[in-house]
Amino acid sequence: MIITGGKNMSKITEVKELVEAGKSKKVGAAVQEALDAGSQPGEILEAMVASMSVVGDKFSSGEIFVPEMLIAAKAMSKGVDVLRPLMAGDSSASLGTCVIGTVAGDLHDIGKNLVSMMIESAGFTMVDLGVDVPAENFVKAAKEHDNVDLIACSGLLTTTMPALKEAVATIKSSGLTGCKVIVGGAPVTPEFAAEIGADGYAPDAGSAAVKAKELVG
Ligand code: B1M
């Protein structure tokens, strides 16, 4: 058992290092090897999220620049691609449709993609608008699709928190009655979410799925 545990850890460490180094072509295989060695999808994901914190810290300290951040993000996405089918739950019990996107001016999508994956696995049909989504596009998408009970807005920059506020205000004044709004992202606090009139807030992807069910339940 100890030997197996050690092997798991070394594979996870390898995944972490490959993501930090932005080795996109190798991450998928390393994630698969970590799974084969017995690691759980959740712990591999946690390791990759930790890698992105390291990458963010290196960026803050001037050790790396935007291109390196970008290639690390691409590497993480490759790893998430391998985990996605394993993380997706049984979505046969449809809870309705959720429109999701990262707000205007914001290009970060890894967190939003994880939130989307977890809300989908909770039983929602997802309409993913991508990144840099103008406030009115959330409303447009909610009106264009059937059964939209939930809109999820992600914001990763302190500078795009006003865009998050605008998105919530636009949705709330659009006449979409009964449609709940959940917000989140690293700079978002429960207080900020309440202040801008969101119906829900979640700090991470797993709790976003729990909150999503709670809001439309
Ligand atoms: Co950017 N970036 N970035 N970046 N980037 C951060 C966010 C930063 C903290 C780095 C740093 O300085 N340490 C910093 C923000 C500082 C701040 O706002 N105070 C920053 C900056 C400054 C910038 C630029 C301005 C840099 C520049 O150009 N000078 C620029 C802005 C571009 C733009 O958006 N307009 C920029 C650009 C980029 C890249 C494009 C290069 C790339 C993104 C690529 C991509 O996403 N495809 C990038 C990256 C990779 C990062 C870091 C390193 C990693 C982000 C990430 O994916 N984290 C990041 C540093 C960090 O996060 N520590 C950083 C992993 C992800 C799983 O976590 O996104 O937090 P996260 O999502 C979590 C939770 O927040 C939550 O659940 C997720 C999973 O558990 N969550 C929700 C997210 N959305 C939610 C929605 C919910 C609920 C929960 O409900 C709806």
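These legends accompany four close-up views of the ligand site in a predicted model.

**View 1. His108 meets the cobalt atom of the ligand.** Let's start at the metal. The NE2 atom of His108 lies 2.2 Å from the cobalt atom, and His108 is the only protein donor to that cobalt. To find this residue along the chain, look in the loop between strand S1 (97-102) and helix H5 (110-121).

**View 2. Polar contacts link the ligand to Gly105, Asp109 and Ala205.** Two of these contacts involve nitrogen atoms of the ligand. A backbone N or O atom of Gly105 is 2.8 Å from a ligand nitrogen, while an N or O atom in the side chain of Asp109 lies 2.7 Å from a ligand nitrogen. With Ala205, the partner is an oxygen atom of the ligand, found 3.2 Å from a backbone N or O atom of the residue.

**View 3. The ligand sits in the largest pocket, with 35 residues around it.** The closest residues are Ser60, Leu107, His108, Asp109 and Ser154. His108 is also the residue that supplies the cobalt donor, and Asp109 contributes a side-chain polar contact. Sorted by character, the shell holds 22 nonpolar, 10 polar and 3 charged residues.

**View 4. Helices, strands and two domains contribute to the shell.** Here is a handy map of the contributors. Helix H3 (41-60), helix H4 (66-87), helix H5, strand S3 (148-154) and strand S4 (180-184) each provide at least two shell residues. H3 gives the most, with 7 residues. At the domain level, domain 1 (2-87) and domain 2 (97-216) each supply at least three residues of the shell.

Methods
Residues are numbered from 1 along each chain as its sequence is written. This is a predicted model: local features need pLDDT of at least 70, side-chain atom pairs count only at pLDDT 80 or more; totals for chains, interfaces and linings use all residues. Side-chain values use heavy atoms; hydrogens and water are left out. Donors are N, O and S atoms within 2.8 Å of the metal (3.2 Å for Na, K and Ca); water is not among the atoms, so sites may look incomplete. Helices (H or I, at least four residues) and strands (E, at least two) are DSSP runs, numbered from the N terminus. A residue is near a molecule or strand if one of its heavy atoms lies within 4 Å of it. A polar contact is a pair of N or O atoms within 3.5 Å; within protein, one must be able to donate a hydrogen and the other to accept it, and residues adjacent in sequence count only if both atoms are side-chain atoms. On a 1 Å grid over the protein atoms alone, a cavity is a set of points where a 1.4 Å probe fits but cannot get out, and a pocket is an open set with protein on both sides within 12 Å along at least five of seven lines; lining residues have an atom within 4 Å of a point. A molecule sits in a cavity or pocket if more than half of its atoms lie within 2 Å of its grid points. Ala, Val, Leu, Ile, Met, Phe, Trp, Tyr, Cys and Pro count as nonpolar, Asp, Glu, Lys and Arg as charged, and the others, Gly among them, as polar. Domain bounds come from an automatic or database domain assignment.
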